[in-house]
Each structure stands twice: as structure tokens, then as C-alpha cells.
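Subject: Structure for you to look over

Hello,

Here is the structure I promised to pass on. Please open it alongside this note, and my findings follow below.

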Amino acid sequence: MIHDSKLPALLKTHFGYDAFRPLQREIMEAVLANRDVLAILPTGAGKSLCYQLPALAREGVTLVVSPLIALMKDQVDQLTASGISATFLNSTLDPQENRSRLDAIRSGAVKLVYLAPERLMSGDFLSIVKSWNVTALAVDEAHCISEWGHDFRPEYRRLRELRTALPQVPAIALTATATPRVREDIVTQLALRTPAVFVASFNRPNLNYHVEPKQDATSRIIQYIRSRGQESGIVYAQSRKRSEELAAALRNDGISAVCYHAGLESTARARNQEAFLRDEVRVVCATVAFGMGINKPDVRFVIHADLPKNIEGYYQETGRAGRDGLPADCLLLFSRGDVSKLLRFLDEMPDGEARDHTGLQLDQMADFAESDACRRVNLLGYFGEQWPEENCGGCDNCLAPRETWDATTETLKFLSCILRVKQSGSPPVGIRTLAEILTGSRAEKLLARRHDQLSTYGIGKEHTVAHWTEIARQLARKGWLAIDSGTYATVTLTAEGMVILRERRPVFLTRLMANDSPAARPRVGDIECDQELFEILRSHRKQVADAASVPPYVVFSDVSLRHMARSYPTADDAFLATPGVGERKLIEYGPGFMNAIRDYLQTNERITFAPLSLSSAPLPKPPKPIVNQTAHVTLELWRTGKSVEEIAAERKLTSSTIEGHLATAIANGEALDPRAFYTLAEEKEIRAALAGYTEESLKPIYDHLEGRISYGQLKIFRSFELRESHTNLSPA
């Protein structure tokens, strides 16, 4: 086994960091122990370092399978700038350069070699690879190997042949997005042998998620981008034509923008991507063809002008924002019309199983967009991770919860209408037809089927067809009606819906999404610095990068520049202490940047800044608890005798969220019985664990109790204690 004690020194020497990010060290230790590894880490968590650093600690060559030419070049540029011998082999090289690189690899002068799977499997190239001293294999963007993933690439399937050709070489597979099913497929297709599996939290705490109705989308996008100063961003569109139109509209408004899609000639695609990476244009308007492996760390916003086809794609695309850990925003413009368009494409798919799977993914994406629940809870839940807090502090639904309203009458009318259509002997109909029946439409199809004779005909004239349609979708999300996913999506009443109808239970729904500016969020996690000096350093970085023909972030990230603009390093040791500055970059770039800082200090005073938080981008604390409308709905259901689990199932929320609602109500004086939540013995155990503990986070207590007591029980106990303390302090 290779000793891993070299890792911290290599990290500082080459990459300029003093500490590892979560799971990095553990993954590297498994890699150096020659184990097969599957690593699921979110974008920006430092996946590449998990094979790059071990490559420096061991003998031989690490072979890296990468899906895109641009990604290979970007990675090699960054490694070279950090003093690491790396190269790539692909179709962009002329024969002489290709031979030169092959000679360097054979001589042992190269530590990392990047290759596309197509190149690996072409002709007799595998026999050439076998002649190298390959001691490790890394498969980047490993989700591409699974047909159940969001970006399946058939050529990845042949990588099993590489494992056969190099049977003793350990492999690490890395990706930012993989459901449990995709993880299993990666292990199977790559023939990973009893792999060490590492799954980090999918949470990106520095990202703010916002969804709003799509109305006059182009104007909204222009307004949004103009409000962002000179920040860089990506706008995703479903079609090539739309990406071109958006880029043209932005340019006409004075915003530098290019488009990117698979229909462009390869030279045009490369040119536009390079312009974006090098900060020569602010915005790229693109289809999903753009982005995999784009390593630009200072993307401050991602806009989805159209609905993504699935949550995995949405997560991957929003993940291109804020890779440097600084705050970034994700805006999704949502329209049911986008869902209808995508459903029409589904009808053209010949494979029934694939069509059903794609349809399910689309349903999940639409539910995410329309939901009034925490965006972070929904995103993480999709990947099997539970978010323990009630308020994430970083999405529109948490920052500005939508108002709820008593929709009992409307719910009963809609469910009754479904039942009456069925009882009449008419075939099942869709949501819009039901809405037209309720509003008393004289449409020919209704009259032909004698729907005007139903007792529910015209009883909903107080609302528009569009409003009834929105009500129906919320009822579907609650599980009270089922919508068939076929070409003609018909509606049926579920068993749960029959119970609601029969027992006439109270129902509260949420108002529609508002079409307003994104909810304001403090730029928590931003690095306060001397902004004037920061801009000077950015300008110097651009000159250095242009001279070296690399993107500016290859020289230094914005994070490094912000640290320089708050600590004003003018000596080697101080400059080397800056995050992201290694020994090679100190020698290569240090003199120029330190001279710029010295020049600035000749005419400007140093600014003193408050110490930075240990976390680069912590979420703001949720607001103090108040009994809002959604908590009130939970409280009313609790009073009917329902359990936490029953309420959670009915409201399509997590049990933790329901417990949070009840904890809020208790803290605000609601007279509930503690024994409904925990036994006397559990109370004693909680009280003993919390004795003398004053921190807000309950995770250390939860871990100490080894999960015997849930987060919800701990929250509720604290709420009873808080209420008691307020009561004792009140005047008699």
C-alpha cells in the first residue's frame, strides 16, 4: 500500500490548499489502497482532485476517461499551471504532436493522460495503452455509462473492455449526479470489484433556487441579467433556434452573449465556449449540449428559459453555477405549455419502457416546478437524501412561502365532477374537460357527450378554466386524483380522494406562484474584500491569462483574488498563504500580482475586515418561528387525530417538515401534549443529552443519541422548553 502521508504536502505544493474538502481524503486513501471506488460528489466538491492527487503520490500513469475534448484541455491547462505533468490525446492534435505526446507517456514523463472513450476503443489503441505503465484508471462523468442516467453515451459501455485489458489496475468512477439505480448500473457496467462507495451530500448550500411563471420570457431574462452587473451566467433553452434567439436578443440589448448547440459547426462551438471561459462574453445561451465538465468556477447565475426534461439534468445544469463556493442563483421559468411540448416528443419514442421512464422523469420535474415545498428538500429527496431543516433559507418557497387558502369547497366540487363523469358511463376525461364542465362551457365535445346534463355542470363558474386546472394539479400532487401518462391524459379518483370526498375533510391549497423578482437573499458566504483592488487584480489576471492562452480561472480563481484583496500580501510567505496559491503559481504569477498590490497600496489605505466564517458559504439561519398558513394546516390536521406520518403522506411533505410545523406551533403557545411526541423515558434521555448544550444545531445531539430520537422529537422538545421559559418570564 502506498503511504498517504504525502497527500497534505502535495495538496499545498501543487494546489495551494491547507485542508481537504469533505470525503476527499477518505476517497484518496481508498484509491491509494488500490481499491475500486465509486464517488458521488456534487459539482464544485473537488471530484477531479480525488484522482489527480493520488496520481502524484504513486508510480506510473493515471489514465483518465473524459467525455469532451474541451474538458480534457481545460483540465490539462489547470494541471500544467499547477506544475503537474499531464497531457491529452484526441483528434485536435496533428500527427507530429500526437507522436511527441505518446513518446512522453512511454518514457514516464507524464502522470495523467486524458482520453475519450471513443479513442480508447478505436483500432488497436488498447494494445498501445497496455504498453504504458498504467497504475490507475479514472472514469469522469461516470453517469454517462448508464442508460438510466440523464446523459447516456453508448460508447461508455465499452469501457468494460478496458477493465479486461488492464485487469489489475484499480478504477475510480466519479459523477455529480446518480440515483441509486444509476449507481448500481455504473458498478455493473465498469465491473467494479467490491468498490468503496462514497456519496457526499447533494446539497449545494451556496445556490439559491427560484421558480417563477414564464411570462414574456425574453424580457424577463434581459431584465434579470441586466440586474447582475458584469457577472457571468448561462441561459438554457430546449431548442437550438431558441438559444440563438435569446443570444441575439441579449446582444441587441447591449449584453455580450453567444449561443452554443450541437447544430453549430465544431469550430463555432469551440470559439463560443472559449469566449465564455475567457470572460470575453458574459453569457452563453445554450441547449443541454453545453456544460458537461465546464470548469468555469465564477458562473454566478443559471437561467432555465424552458423546463428541463428531468431533475437530474436540472441539478447538473444548475450545478454549473457557483463552483467556487461563492453565492450563485438559479432561476427556472415555468409554463405548463413546456410540459405539453415535451409530452408530444414522448409520443415519438418507439421504446415503450424508455418512454414510460422519460414520462415519469418529466412528471417529477413538473411537480418540482409547481410545488410549494422547499426546493432543496425536493432536490435532495430525489437523490435519496433527507434535508433535516424545515426552512433551507435558500429557495423561493422558504424565503417567501406562498399563501394558503381554504379550498374545501373547490376540492369537493372537482372530486365530485370526476365521480359524476364516471357514474354517467362516459369514458374518463382530462383535467381541462373537467374544468370546462365545472365552468359550464358550451364546447361541442361536452354537449356531444351530454356532460351538460351532469349535476356538476356549471357549479364552478366562480373560477376560470385555468384556475380549476391549477387546483386539479395540486390535488394530483396530494395523491387524491391520478393522471394517466398516455397521449390523452385522463383523470381518475384515487382511494384517498374518495375518502376526502366522502368525509368532506377540510382542504387547504396554496396560491399560484407570483411573477415577481427572485426572493432576495443575502450574499451569505461571499468573501468581503477591497472591491477596487479586486477589480485591479481581475484585470491583471486577464492580461496574464491572455498571454498564456488560458482562461483566467486557470491562473487564479475569484476566491483567491478576493483573499488577496483582503489580506494585501506583498511578500512570498504571505502570498503563498493565500488559498489556491501553490509553489508553482507563486513562482509563475506571484511577482506580478504582488507588484499590483504594492502599487495599489501606495495611494490607498488598507481596509480591515471581520474574520471569515469557517464555512465558505453557510446558509443563513431560518427566520424565527411564526405560525404561518402551512403550519396552521398541519395543526388543524393534527387536531383531527392524524399522526405525523399520516399528515406527511396527505400533504406530500416529509415527516421532519410536519414535526417542524408542530414545533413552531408549540413554541408560539399551542397547548399540545408532550406525551404525544415522546415517552417519559425518551424525555429524560433528551433532557440529559441537551443539558448545558446551547448551540442552535441539533445534529451533534442527534448523532450522540445514535438516531434513537428523531430530529423532529428534538425540535419539539426544544419548543416545549422555549414555551415554558417564556411562560415563566411572563408577569403574573
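A compact globule of 732 residues would have a radius of gyration near 27 Å; this chain has 29 Å, which agrees. Keep in mind that this is a predicted model. Along the principal axes, the C-alpha atoms fill a box of roughly 85 × 70 × 55 Å. Buried residues make up 55% of the 732 in the chain. Take the contacts with a separation of 6 or more: 74% of them join residues 24 or more positions apart. The secondary structure comes to 33 helices and 17 strands.

Next, the cores. In soluble globular proteins, nonpolar side chains tend to be buried together. The largest nonpolar core here has 144 residues. Which of them touch the most other members? They are Leu-63, Leu-120 and Trp-132. Trp-132 is worth a click. Leaving out residues up to four places away in sequence, Trp-132 touches Leu-63, Leu-89, Leu-102, Ile-105, Arg-106, Val-113, Leu-115 and Phe-125. There is also a second, separate core, with 30 residues. Among them are Tyr-457, Ile-471, Trp-480 and Leu-509.

Now two helix pairs. Two packed helices are described by the angle between their axes and the distance between the axes.

The first pair is α1 (residues 7–15) and α3 (residues 49–57). Their axes come within 10 Å and cross at roughly 105 degrees. Angles of 65 to 115 degrees count as roughly perpendicular, so that term fits α1 and α3. From α1, the contact uses Leu-7, Leu-10, Leu-11, His-14 and Phe-15. They meet Leu-49, Gln-52, Leu-53, Leu-56 and Ala-57 of α3. Eight residues of this contact are nonpolar, two are polar and none is charged.

The second pair is α18 (residues 408–423) and α21 (residues 465–477). Here the axes lie 11 Å apart, at an angle of about 85 degrees. These two helices are therefore roughly perpendicular as well. On the α18 side, the contact is made by Glu-410, Thr-411, Lys-413, Phe-414 and Leu-415. On the α21 side, Trp-468, Ile-471, Ala-472 and Leu-475 take part. This contact divides into six nonpolar residues, one polar and two charged. Ile-471 turns up twice: it belongs to this contact, and it is also in the 30-residue core.

That is the handover. Send questions whenever you like.

Best wishes

Notes. Residues are numbered from 1 along each chain as its sequence is written. This is a predicted model: local features need pLDDT of at least 70, side-chain atom pairs count only at pLDDT 80 or more; totals for chains, interfaces and linings use all residues. Side-chain values use heavy atoms; hydrogens and water are left out. Axes are lines fitted to C-alpha atoms, for helices over the stretch in contact, and angles run from 0 to 180 degrees between N-to-C directions. Helices (H or I, at least four residues) and strands (E, at least two) are DSSP runs, numbered from the N terminus. Angles under 35 degrees count as roughly parallel, over 145 as roughly antiparallel, 65 to 115 as roughly perpendicular and the rest as oblique. Contact means heavy atoms within 4.5 Å. Ala, Val, Leu, Ile, Met, Phe, Trp, Tyr, Cys and Pro count as nonpolar, Asp, Glu, Lys and Arg as charged, and the others, Gly among them, as polar. A nonpolar core is a set of buried Ala, Val, Leu, Ile, Met, Phe, Trp, Tyr and Cys residues joined through side-chain atoms within 4.5 Å. Buried means under 20% relative accessible area, exposed over 50%, partly exposed in between (1.4 Å probe, protein chains only). The radius of gyration is taken over C-alpha atoms; the globule rule is 2.2 Å times the number of residues to the power 0.38.
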